[in-house]
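Visitor: I'm new to this structure and would love a close look at one part of it. Could you pick out the salt bridges and the helices around them, and take me through slowly?

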Amino acid sequence: MADENKFAIYISHSWRPRDVELNLRIWQQLTDDCELLVDVPEQPGANPPYYINRIEELLRRTDFFLGILTFREPRPGDFINQDARLKCSPYSLFEVRLAERIDIPRLVLFERSTGFRPPRTLRAWESYIPFDCGISERLPEQRQWLTVIQPKIQQWKSWASDHRKPTSYEQSTYAALIGLSPGDESYDIVEGCVRDNGYEPVLCEPERLRSSEAIRVLREAGLVVAEFAAPDPRAQQLYAAAHALGLPAIRMVHCKSGELEVPWILKGDPGGYHLDIVAWKDPTELPAALNPHLAAMFRLSPALRNDAAADYLQSKRYSQFFVFISHNLKPPNRALVEHLYSLLKQRHITPFEYHEVNTAGIDWRESLNESLQKTTHFVAILSPDYEVSQTCTYELETILARGSKVSILPFMVNGRSIPNPKLSQMHDKLLANPDPLVDAQIIVDEVTSVLDAALNRADAV
């Protein structure tokens, strides 16, 4: 439930593990006054589809925009022409430029080495703050943080509290159709998709409307569906107006030849519109392409506050890792596994334990094999009867066959003192505390230490 006394702030930031601490530090400056507006995936660890209309809808809901641009070596093709010098995430940069186009009051922090340049003239509601990090450092130098960055964030917050109040937002269910006509082969299909997904289509026909009436239709719309292949230049002008208003839009291009010609108004933004155009040749292709974009408009996450927001920002610190728990512990000795599973989840580490899946009434063997193939770290809890279990033997042999792709962490429990012969070259820790929670914490600390070491090695590359 939204807090009417807090501002909604949309955050655009790096998901790299090395940038999590910076994201959290900046968020701590805003948490007392703001709720975090983000697109939380429906499944933990998943990435929401890249639908620009969904991002545009989130920006219409927000009071403020927060951008955090950090240095990142670009991939080939990320930046061209006037942006060729930039070294950052093209997707984060695109969201900054969306916020600039809509003119949302914004706070943008950017690492100077990205090559990013703020607008030449800044107004009171725009704050662009450069910062510097060392090659091996994850945070700005402490003196720079205390004497420059933090005071500028507080100055922007003061302006925000003095000049803005949290606003309410009601999502419009009108969809303006631009560049489409009832006689078109695609019109009935597009209109049907729009209706089926909860919108009332409103045809925006320039030959029947004065420009003032058309602008009113756009202002009342919650979504624009635009066909750029329409030959009428007035339709192109209407889309330009919708573009300037920052309306969420699904952008279609009828490619009769199969070659996509991106209109000028959608060019020039790295990570931008050209990646999300609904290109089609046959009208029967449209439902499969349009329906996910339309459904995404109503599948938006609630704002996050305080600890929930901080948890979200931390959730991808270890997202590239998958920890498999292999054991043959049965009640009452399962307490160790249950504590271990829970503690790993608390640290935002993704665990797998096949008993959890087996009780869910699904094909656990298929899930087991899938999990073994994506495992990065394998925790072997070696009880005296570990090798008796055919499942445990299968798990271990499967992991050993993957070689150096998986790190194995063996622990001996319940009085066991002899390592598994296949793991005899590894250091097996002996766990003998009568409190299973204490032993579970030891395992979690060891796993976390190994994951942090892997992240540090990745940063050094």
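**A closer look**

Guide: Happy to, and let's begin with a helix that is mostly out of sight: the buried residues of α2 are Ile52, Asn53, Arg54, Ile55, Glu56, Glu57, Leu58 and Leu59. Please keep in mind that this is a predicted model. Helix α2 covers residues 52-61, and because eight of its ten residues are buried, it is largely enclosed by the rest of the structure.

Now to the salt bridges. Searching the whole structure turns up 32 of them. One sits inside a single helix: the side chains of Glu191 and Arg195 meet with N and O 3.6 Å apart. Both residues belong to helix α5 (residues 187-196), where they are four residues apart, about one turn of the helix. An α-helix has 3.6 residues a turn, so residues three or four places apart point the same way. Arg195 is partly exposed, at 42% relative accessible area.

Another salt bridge joins the side chains of Asp232 and Arg234, at 3.0 Å from N to O. Asp232 is partly exposed, with a relative accessible area of 21%, and Arg234 is partly exposed too, with 41%.

Arg234 brings us to helix α7, which spans residues 233-245 and has helix α6 (residues 211-220) as a partner: their axes come within 10 Å and cross at roughly 40 degrees. That angle makes α6 oblique to α7, and the crossing is right-handed. On the α6 side, Ala214, Ile215, Leu218 and Arg219 take part, meeting Leu238, Ala241, Ala242 and Leu245 of α7. Sorted by character, the residues of this contact are seven nonpolar, no polar and one charged.

Further along the chain, Glu446 forms a salt bridge with Lys429, their closest N and O atoms being 2.9 Å apart. Glu446 lies in helix α14 (residues 436-460) and Lys429 in strand β15 (residues 429-430), so this pair ties together parts that are 17 residues apart in sequence. Glu446 is partly exposed, with a relative accessible area of 26%, and Lys429 is also partly exposed, with 30%.

Salt bridges can also be joined up here: Asp103, Arg106, Arg123 and Glu126 are linked in a network of them.

To finish, here is a buried residue in another helix. Asn23 lies in helix α1 (residues 20-28), and at 1% relative accessibility Asn23 counts as buried. Beyond residues up to four places away in sequence, Asn23 touches His13, Ser14, Ile68 and Leu313.

Definitions and conventions
Residues numbered from 1 in each chain as written. Predicted model: local features only at pLDDT ≥ 70, side-chain atom pairs only at ≥ 80, totals over all residues. Heavy atoms only, no water. Buried < 20%, exposed > 50% of the residue type's maximum accessible area, 1.4 Å probe, protein only. Helix = DSSP H or I, 4+ residues; strand = E, 2+ residues; numbered from the N terminus. Contact = heavy atoms within 4.5 Å. Axes fitted to C-alpha atoms, helices over the stretch in contact; angles between N-to-C directions. Parallel < 35°, antiparallel > 145°, perpendicular 65-115°, else oblique. Left-handed = near helix turned anticlockwise from the far one by under 90°. Nonpolar A, V, L, I, M, F, W, Y, C, P; charged D, E, K, R; others polar. Salt bridge = Lys/Arg side-chain N within 4 Å of Asp/Glu carboxyl O.
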